[in-house]
Amino acid sequence: MAFTAAGKSGPLAEINVTPLVDVMLVLLIIFIVTAPMVSMPIPVNLPQPTDFVPPTAPPPPIELRVDASNQVSWNGQRVAVSSLQERMQDAAQANTGNLPELRIATDPNAEYDVMAKVLAAANNAHMEKIAFVRP
C-alpha cells in the first residue's frame, strides 16, 4: 500500500501492484501444476473406420397437393385421404433408411380438416422429411 507523508494530502501517483502480483502468482502456480499433466500421453481408443458405404441418392420426392375442392393428389394422381397413410408407409418401406421428402402444397381455400388428416397420416407413417411448398 502507498502511504503519504504526514501533513501532505492529495491523490497518490503510485500504482498499487499487489493485485497484479497476486494474479501472476496464481497463474504461475496453475501453469506449474498443469504442465506435467499436458506432457503425459493419454491413451484413447478411437473407433476405426470400417467398410465405407457411399451415400445413396435420395429417392424422388412425393408431391402432395390439396386443392380448393379438398381433393388430394399424389404426384398428380388423385387419391383418397384414407389411403394416404398406407401409401406413405409403402414408400417408406421401399426406401428404408433413405426416406423420400414429402412436399405438401395446399390451396388457401382448402379446409383445415383435410390438411390435418394429411399431416396425421404423415406422422403415423413416420415420414421425417416434410416440406410445405407454395402451389
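**Met-88 contacts.** I started with Met-88 in this predicted model and looked up what it touches, skipping neighbours within four places in sequence. The contact list reads Leu-64, Trp-74, Leu-102, Val-118, Ala-121, Ala-122, Ala-125 and Met-127.

**The core.** Next I checked the largest nonpolar core, which has 19 residues. Which of them touch the most other members? I got Leu-64, Val-72, Leu-84, Met-88 and Leu-102. So much for Met-88 as a side note: Met-88 is on that short list, and Leu-64 and Leu-102 from the list are also among the contacts of Met-88.

Then I asked which elements give two or more residues to this core. They are β1 (62-66), β2 (72-74), α2, β4 and α3. Helix α3 puts in the largest share, five residues.

**Strands β4 and β5.** I looked at how β4 (residues 102-106) sits with β5 (residues 130-133): parallel or antiparallel? They pair in the parallel sense, over four bridges. One bridge I noted joins Ala-105 and Val-133. Between the two strands, the chain runs through α3 (residues 112-124), and I logged this β-α-β crossover as right-handed.

**Asp-90.** Last stop was Asp-90, which I found in helix α2 (residues 84-94). Is Asp-90 buried, exposed or partly exposed? Its relative accessible area is 44%, so I put it down as partly exposed, because that value falls between the 20% and 50% cut-offs. I also took the C-alpha to C-alpha distance from Asp-90 to Ala-125: 8.9 Å in space, with their positions 35 residues apart in sequence. Ala-125 had already turned up in my notes as a contact of Met-88.

Key: Residues numbered from 1 in each chain as written. Predicted model: local features only at pLDDT ≥ 70, side-chain atom pairs only at ≥ 80, totals over all residues. Heavy atoms only, no water. Pairing = 2+ DSSP bridges. Right-handed = clockwise from strand over helix to strand, strands pointing away. Buried < 20%, exposed > 50% of the residue type's maximum accessible area, 1.4 Å probe, protein only. Core = buried A, V, L, I, M, F, W, Y, C linked by side-chain atoms within 4.5 Å. Contact = heavy atoms within 4.5 Å.
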